[in-house]
Each structure stands twice: as structure tokens, then as C-alpha cells.
Amino acid sequence: MFLTAGFPEPGLDEELAMAVLDAGADILEIGFPFSDPLADGPLIQRASKLSLENGTTLEKSISLAAALRKKTEAPLVLMGYANPVYHMGYPVFADRVSDAGVDGVIVADLPMDESGPLRDELKGKDVSLIPMAAPNTSDARLDEIIKTGSGFLYIVSMTGLTGDAFEAEAPWRKLARIARDKGSLPVCVGFGIRNGDDVVRAAREADGVIVGSAVISAIFRGLEDGREAAVENAADLVRELASALEMEYPFV
Amino acid sequence: MTSPVRMPAERGFFGSFGGRYVPEVLIPALEELENAFNDAVADKVFNGALNTVLADYSGRPTPLTTAMRFAGARTSFVLELKREDLNHTGAHKINNTLGQVMLAARMGKERIIAETGAGQHGVATATAAALFGLPCAVFMGVEDIARQALNVERMRLLGAEVIPVESGAGTLKDAVNEAMRDWVRNVADTFYVLGSAVGPHPYPVMVRHFQSVIGIEAKKQFLEKHGQLPDVVVACVGGGSNAAGIFYAFLDDPVRLAGIEAGGTGDGPGRHGSSLGLGSPGIFHGSLSYILQDDDGQIVTAHSISAGLDYPGVGPEHSSWMTSRRVEYFRVRDESALAATSAFTRDEGILPALETAHAIAWIGESAADLAGRKILLCLSGRGDKDMEILISRGAQV
């Protein structure tokens with residue numbers, strides 16, 4: 001489950017995170033905002049913009065992770081774009097996320113070819129740099145991506161942005177199958193997954209399913225009725241997705 | 001255009017700047033583009049066709065005009081103007097868009113997209129797309145659409161769809177974001193014509209290559225006219241395409257190269273467009289280069305009176321030229337550019353673009369140091385597009 005740090009406001013982000021974990025989310029992705037989020041659709045763009053307006057920084061996002069670490073054992077993953085990390089400095093960033101108890105990092109615009117320096121810093125701290133693959137990624141490149149990555153493989157479900165329509169029968173399935181056959185990294189699929197149907201269909205080819213824009217959307221809708229409704233909406237969505245999975249796959 | 005292309009190192013690094021910092025989904029497209037570009041520039045047929053289009057359609061070679069009066073031209077120093085303003089559509093932008101759209105056609109792409117700030121690159125892309133019969137969509141910030149109604153209508157007249165960008169501040173950087181997002185969604189059949197020497201590899205080298213015709217011609221013309229190379233070559237720098245295009249021919253020569261950035265209204269954050277002079281290295285729009293950013297690595301909005309310099313980043317090759325000290329970079333403020341526009345127009349009978357006026361102003365301000373020198377200026381575009389700003393700012397018109 002993906003949430004943006006500092007969204008909809010500092011403090012409420014932590015409450016939301018605990019609510020979605022309590023509702024059944026296994027892993028929490030904490031988005032640190034960036035002014036120019038290239039891979040994101042309108043919903044996460046809006047959340048990032050609000051978060052920045054609330055004064056959220058990479059530093060504060062890491063602090064949120066540290067605060068959550070005190071309350072939960074669930075894996076915590078930081079997700080965002082390269083420049084705030086580059087600007088903080090890779091060694092400093094690696095120190096901070098490690099101290100905060102973060103398990104993994106996803107950087108949307110740091111493909112394998114450019115991720116070496118950050119990867120090396122994180123490796124020393126036992127934090128995963130989680131790689132991404134797209135439906136148009138070649139087999140040879142997928143091999144390299146898996147070899148250089150750690151944590152899990154994040155497969156982007158379509159050539160699109162976060163929040164675009166999920167395509168259950170799209171080429172990502174073939175990619176996921178190839179990746180799972182290699183067996184060295186668990187495979188999670190994300191982008192566009194918004195309801196129980198999507199989750200069930202995605203889970204057929206993946207070890208995990210990542211939901212972002214749908215929960216951001218639930219929060220936005222809830223906010224119209226206040227903070228509590230926002231938290232409740234997010235938790236409801238997680239419960240709905242978790243029970244859809246449980247119905248389909250009772251024994252895991 | 002027969003000079004060899006000096007390629008950056010692997011993955012598009014010029015020294016420590018450049019690279020390919022994009023979501024994974026764009027990597028295959030950039031690899032495909034890089035291969036197609038390398039293939040095209042080695043192909044006599046492609047180069048011949050490009051040369052023909054540049055000559056017959058855009059009017060190349062553009063002339064080298066000797067300045068008559070400005071700031072002591074002819075009396076104190078020699079100033080030669082490389083007249084990119086005389087290109088079809090009125091600026092150097094068309095050199096790049098014709099090259100890229102021809103490459104798109106060669107690759108079998110079915111749709112052209114582009115970003116634009118003030119609309120110059122949008123018009124040049126829409127023009128090239130019209131020439132080659134390809135549908136074209138241009139992303140433009142809502143703020144810019146409001147400020148540049150004339151260019152919006154020009155693009156529409158050329159058959160392009162102008163797509164308003166509301167995200168961010170609704171200016172050029174947001175238009176680039178939205179064009180890249182469109183490319184992510186339509187990566188198989190769409191060609192993204194990027195307008196400056198910025199972005200992920202191979203864009204910086206590709207744009208510089210298509211613009212290098214400026215320097216190749218100017219060098220030959222200057223030698224024919226003066227029997228020697230210029231002492232100084234001057235160009236304005238936003239993303240840096242016209243500057244890269246003219247500097248490139250002189251890199252190995254004993255020639256001083258000066259790039260002029262937008263000094264805006266001052267050196268404080270949000271007041272200028274001087275990524276090289278006042279920024280720091282960072283990752284933005286797909287490459288590692290000097291950018292304008294805050295303490296958290298968020299991109300800071302640029303400001304310049306000239307839309308073409310109003311961008312918080314600069315091409316990675318310029319960053320490498322600055323750190324290796326091959327090129328010197330200076331900044332000139334809005335007021336100086338405005339004053340230079342008026343003076344230059346009166347002195348020379350040529351109305352320069354406000355972008356170019358920054359380079360002109362620097363020559364004026366440096367006149368004492370430049371005494372006795374032979375100067376080559378890239379007159380990157382004409383200023384008709386800026387008339388409304390000139391009038392509203394009370395320039396002497």
C-alpha cells in the first residue's frame with residue numbers, strides 16, 4: 001500500500017499508515033514528494049503537491065518511517081524520485097534510511113544503468129534498492145535488472161502512469177512469469193490496480209500487489225467529510241482488497 | 001553537415017553530466033532512438049535529404065551579417081552576426097525540429113509530440129510535422145497559453161493540437177513533464193521532439209548535432225570574410241541548444257566561448273534562469289546537470305523576461321564545458337536585455353529575440369574588454385514574438 005508522506009497533512013499521514021497496516025496491508029510504501037513526478041498520474045501528483053505545500057521534505061519522510069518503525073514490524077519502503085536523494089547525498093541518505101529502519105528504497109527515475117552508486121551505498125547498510133521493470137523491458141535487460149536488484153521486483157503493469165487503467169491481460173503477465181521462473185526475487189505488480197477484481201487478477205501472476213492511486217483517491221474522497229472519514233476510507237479499501245484476495249486464495 | 005559527431009561516453013555522459021535518469025518504461029524507447037539516430041547520421045541519404053530541406057525549406061545557409069554600429073561595432077571591434085533569425089519560422093529551433101521529425105518519419109513513428117514554453121519550439125515542431133504530414137500534439141502550460149495567444153493560434157493553423165498543461169506552475173518545465181508522461185503512455189508509436197539540448201541521452205547529443213550546422217556554417221563564413229577565426233563566440237543559454245550548436249565547431253580551436261544565461265531580476269531563488277551560474281548539480285528531466293533547486297532537492301521555478309531562457313535546467317554538455325572551463329558563462333538581467341534590444345534594433349535594423357538580447361547586452365557591457373577583437377554572435381532568433389512584452393515594458397519602440 002502506497003501513501004504519500006505529509007499527505008494530506010503531517011501527523012495524519014502516520015495515522016493513515018497505521019490504519020492501512022491494521023486493515024491488512026503487508027508492506028507500506030512511503031512516498032517522499034518531488035516537484036516534478038514524471039511517472040505519476042494526476043492523483044499522486046496532487047498528493048505530492050499538497051505534501052510539498054505542507055513543507056514535507058525527504059528528511060521528514062524518513063522521520064515518518066522512523067516513527068512508524070517504532071510501532072510496526074511491517075516492511076517499510078521509501079519511494080520517490082532521484083533528485084532529493086542525490087541532493088542529500090547517497091552516503092547520507094543510506095545512513096538515514098538505515099537508521100530509520102527502512103527495509104527498501106524505490107527510485108522511479110533511477111534505472112539500473114544509473115543506480116550503481118546508490119545501490120552500493122545501500123548494500124553496505126542492508127537496505128534493498130528495489131528495481132522496476134516495465135512491459136516493454138527486454139528479456140536480456142530483465143535478467144540484469146533482477147541480478148542487480150534486491151528486495152523484490154516491481155513490475156509496472158502497463159506503459160503508463162500511476163493511476164492509469166490496469167490491464168489484466170497485458171504483456172506484464174509474461175514478464176512476471178519469466179521473472180518468477182528465475183526465482184531469485186519475489187515479484188510485485190503495481191500501477192492502476194484499484195479494486196478487488198484487479199487485485200485478484202494481478203495476484204495470479206505475482207507474489208504481491210501494489211496499490212497507490214486508489215488509496216490516495218479514497219483519502220481525497222474521505223477528506224470531504226473530514227479526517228476520520230479519510231482514514232476510514234483508506235482502511236475500508238485495504239479491507240476490501242484483502243478480503244477479495246482471501247476469498248480467491250484462502251491458503252497462502 | 002558532414003562533420004563527425006563527437007559522441008558522449010557510454011549512456012550519454014559528458015564528463016560526469018548527462019545520463020538517462022528516466023522511468024524504466026522509457027529506456028527501450030531511448031535505446032531505439034539512440035540506435036536510429038546513430039544509424040541516420042551515418043547515412044548519406046538521410047544527411048543529403050536533411051541538407052536539402054535545410055536549404056530549400058528553411059533557407060540555409062543563413063548569412064553572416066557584419067554589425068554596423070552597436071556598442072562600437074566596426075570602430076572598436078568587429079561583430080559578426082550569425083543570422084539564425086532568418087530561418088523559416090524565425091529562429092534556430094527549426095534546425096532541430098526538421099532533423100528530429102525526419103528521424104521520426106524514418107523510424108516509422110506515427111505521431112509527433114513536443115513541449116513548448118513561449119511557443120517557438122512548438123511552432124517549429126508543428127511546422128516540421130506539417131511538412132512531413134505527421135499529426136502533432138504540443139504541450140503548453142496554461143500560463144504560457146495565456147501569454148502567447150498568437151503562437152497558440154499559429155500552431156493550430158499548422159494543424160497541431162495544443163494541449164494545455166495545468167500541473168505545476170503551468171510553464172515550460174511542466175510542459176516537459178506532461179510531454180514525457182504522454183510519451184510514457186504512447187511510447188510505441190510516438191516520437192517526442194525535445195526542443196533543447198537537455199533531457200535523457202540521446203537528446204542532448206542529438207539536439208546539439210542538428211544545431212551544429214550553425215557553427216559549421218559560421219566558421220566557414222567567418223574564415224572567408226576575415227581570413228581568421230573569431231576571437232570570441234557568444235550565444236545565449238537557456239537549455240543551451242543554439243549555444244551548443246555554434247560552440248561545437250570551435251571546441252578545438254583557440255577561440256574564447258561565452259554563454260550568457262538569464263540573470264532575471266536578481267540572484268535570489270525564483271528570480272533568474274542561471275542554472276550554471278547560480279545552480280548546483282542535480283537530476284532533472286532525465287539527466288544529471290546543473291539545475292535550480294532548494295535545500296530538499298525540489299526544483300525551483302526559474303524567471304526570465306525571455307520565455308526561452310525561463311527554465312530551471314541546462315543541457316549536460318554545458319555543465320561539462322563549465323566545469324572543464326572550456327566555456328565561460330555569464331548572466332545578464334532582464335533590464336539589460338531590454339535595453340540592448342532597443343539599442344541593437346536601432347543601431348542595426350534587426351529586432352533580436354529577447355533571448356538573443358542577453359548575449360547582445362553582454363557584448364555591450366564587455367565592450368571595453370572586447371576592444372580590437374573579432375566577435376561572432378549567434379543571433380538565435382527574431383524578436384517579433386516579443387513585441388507585446390516590449391510594449392508593456394516600455395521599451396523604446
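Hi everyone, this is a short walk through chain A and the nonpolar core of this structure.

It is a predicted model, where local features need pLDDT of at least 70, side-chain atom pairs count only at pLDDT 80 or more, and totals for chains, interfaces and linings use all residues. Residues are numbered from 1 along each chain as its sequence is written, while chains are lettered from A and ligands numbered from 1 in the order in which they are written.

Let's start with overall shape. Chain A has 252 residues and a radius of gyration of 17 Å, which agrees with the value near 18 Å for a compact globule (taken over C-alpha atoms; the rule is 2.2 Å times the number of residues to the power 0.38). In chain A, 57% of the residues are buried, meaning 20 or more other C-beta atoms, placed from the backbone, lie within 10 Å of a residue's own.

Next, the secondary structure: chain A has 11 helices and 9 strands (DSSP runs, H or I of at least four residues for helices, E of at least two for strands). In chain A, β6-β7-β8-β9 form an open, parallel sheet in that order, with β6 and β9 at the edges. Strands pair here if DSSP finds at least two bridges between them; β7 and β8 of chain A share 4.

Finally, the core. The largest nonpolar core holds 219 residues, and A:Val20 and B:Leu377 are among those touching the most other members. Such a core is a set of buried Ala, Val, Leu, Ile, Met, Phe, Trp, Tyr and Cys residues joined through C-beta atoms within 7 Å. Thanks for listening!

Notes
Buried ≥ 20, exposed ≤ 12 C-beta atoms within 10 Å, placed from the backbone.
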